[in-house]
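Please walk me through this structure. I would like the backbone details, the metal site and the empty spaces explained in turn.

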Amino acid sequence: MNLLGIDIGGTKTAVCVGTHKGVVLATRRMPSLPEEPIEGYRKRLVHLCHEVLEKASVKPESLDAVGISAPGPLSVKRGVMICPPNNPGWHEVPVVDWIRRAFSAPVYFNNDANACALAEYLFGRYKGARNLVYLTFSTGMGGGIIANGELIQGATDTGGEVGHHVLDPNGPMCGCGQRGCWEVYVGGRMVAERLKEKIRSGNIQTLVVEKAGGMDRVTMLALEQAARAGDRFAMSEWDEFAERVAQGIGNLIMILNPDVVLLGTMAIHAGDFIMKPVLDKLPKYVWEWPLKACKVEPSTLGPQIGDLSALAVALTGLRHAGA
Ligand SMILES: [Zn+2]
């Protein structure tokens with residue numbers, strides 16, 4: 001009754017063996033090298049899978065299923081990573097086919113944000129909550145939506161891409177080609193870029209630069225530290241950031257009426273410093289009773305969510321197959 005989970009990330013790939021209850025028996029990781037030819041990566045990945053199985057004393061032929069979580073854009077139906085943003089040389093990577101050729105167990109596949117939503121739904125503190133939203137809230141804003149107990153996959157696998165719902169069509173350009181996407185205002189990478197530009201062009205004296213250790217190294221972490229230290233510019237920027245986080249979450253609660261909204265990386269790291277202003281601002285964007293019924297909290301699975309998300313993809317695939 002064991003599952004193999006493969007969590008492909010921008011900087012590392014983790015492989016684990018775990019049970020249907022989400023108990024991780026063994027786990028190993030390797031770097032995802034941006035310039036590596038794809039065949040080299042494939043070989044290292046398959047080798048790592050065998051290593052982890054051996055470490056867990058699980059025979060490959062006894063696996064019930066394999067789950068793969070990978071960054072989008074990807075096609076679940078075709079089992080390919082279309083153009084992973086951290087690996088510019090990769091294109092149409094047939095990762096499902098690689099693993100099918102290496103193992104006899106069925107292989108299931110989904111994007112990382114959907115996989116995290118499934119992990120919270122199957123293994124988290126709010127497991128079984130039939131309407132659940134997971135937000136990655138990291139360098140970008142990925143999302144996974146469970147509605148009535150089912151993941152919203154959508155017609156083109158873009159269901160749950162909440163980071164690209166537009167808040168302002170005249171807003172700043174997003175990497176996706178639209179203007180004013182939610183991610184532009186709340187994704188760590190783009191917020192930090194605009195922050196640098198604002199400080200530079202306005203010649204603003206702020207603790208943000210000092211905390212970052214130089215203008216070129218300005219990040220969300222430096223903004224948070226400067227805001228916590230009481231820097232006026234940083235506090236104002238942090239407040240605007242929280243406003244946009246609340247606006248997007250409010251939209252989602254208004255549309256989906258979820259039981260719970262769980263937020264990843266930045267919420268886990270910053271805790272109440274971001275959660276409190278967001279919760280204070282939410283009543284502006286959503287009716288009182290769906291808001292009262294919804295818990296908005298940091299993710300409940302901590303650093304284990306990567307391993308568990310891949311296992312959750314495997315388990316969900318098995319359930320749909322009727323196994
Ligand atoms: Zn966008």
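**Backbone, metal and empty space**

Pro 73 sits in the loop between strand E4 (63-70) and strand E5 (74-75). The model is a predicted one. A cis peptide bond links Gly 72 to Pro 73, with omega at about -5°.

Two residues that are not glycine have positive phi. Take Ser 57: its phi is near 55°. Ser 57 belongs to the loop between helix H1 (38-55) and E4. With a relative accessible area of 68%, over the 50% cut-off, Ser 57 is exposed. Glu 92 is not a glycine either, yet its phi is positive, at about 50°. The loop between strand E6 (80-81) and H2 holds Glu 92. Glu 92 counts as partly exposed, at 30% relative accessibility.

Now the metal. Four side chains coordinate the zinc ion: His 164 through ND1, and Cys 174, Cys 176 and Cys 181 through SG. The distances run from 2.0 to 2.3 Å. What is the arrangement of the 4 donor atoms around the zinc ion? It is tetrahedral, because the angles they subtend are 106 to 117° and the rule asks for all angles between 85 and 135 degrees. Along the sequence, the donor residues follow the spacing H-x9-C-x1-C-x4-C. His 164 and Cys 181 both lie in the loop between E10 and helix H4 (182-186), so the pair ties together parts that are 17 residues apart in sequence. Are these two donors buried or exposed? His 164 is partly exposed, with a relative accessible area of 25%. Cys 181 is buried, at 0%.

Next, the empty space. The second largest pocket holds about 370 Å³. Its lining counts 20 residues, and Val 76, Tyr 108, Phe 109, Asn 110 and Gln 153 are the closest to its centre. Helix H2 (95-102), strand E7 (107-111), strand E10 (150-151) and helix H12 (305-320) each give two or more residues to this lining. By class, the lining of the second largest pocket has 9 nonpolar, 6 polar and 5 charged residues. Where does the pocket lie with respect to domain 1 and domain 2? It lies between them, because domain 1 (2-111 + 303-320) and domain 2 (125-300) both contribute lining residues.

There is also enclosed space. The count is 1 cavity of 30 Å³ or more. The largest cavity has a volume of about 40 Å³. It is lined by 11 residues, and Gly 9, Gly 10, Pro 71, Pro 84 and Asn 87 lie nearest its centre. The lining of the largest cavity has 6 nonpolar and 5 polar residues, and no charged ones.

Notes:
Residues numbered from 1 in each chain as written. Predicted model: local features only at pLDDT ≥ 70, side-chain atom pairs only at ≥ 80, totals over all residues. Heavy atoms only, no water. 1 Å grid on protein atoms, 1.4 Å probe; cavity = no way out; pocket = protein on both sides within 12 Å on 5 of 7 lines; lining within 4 Å. Points joined across faces, edges and corners; volume = space filled by probe spheres on them. Helix = DSSP H or I, 4+ residues; strand = E, 2+ residues; numbered from the N terminus. Nonpolar A, V, L, I, M, F, W, Y, C, P; charged D, E, K, R; others polar. Domains from an automatic or database assignment. Donors = N, O, S within 2.8 Å, 3.2 Å for Na, K, Ca; no water. Tetrahedral: all angles 85-135°; square planar, octahedral: opposite > 155°, others 65-115°. Buried < 20%, exposed > 50% of the residue type's maximum accessible area, 1.4 Å probe, protein only.
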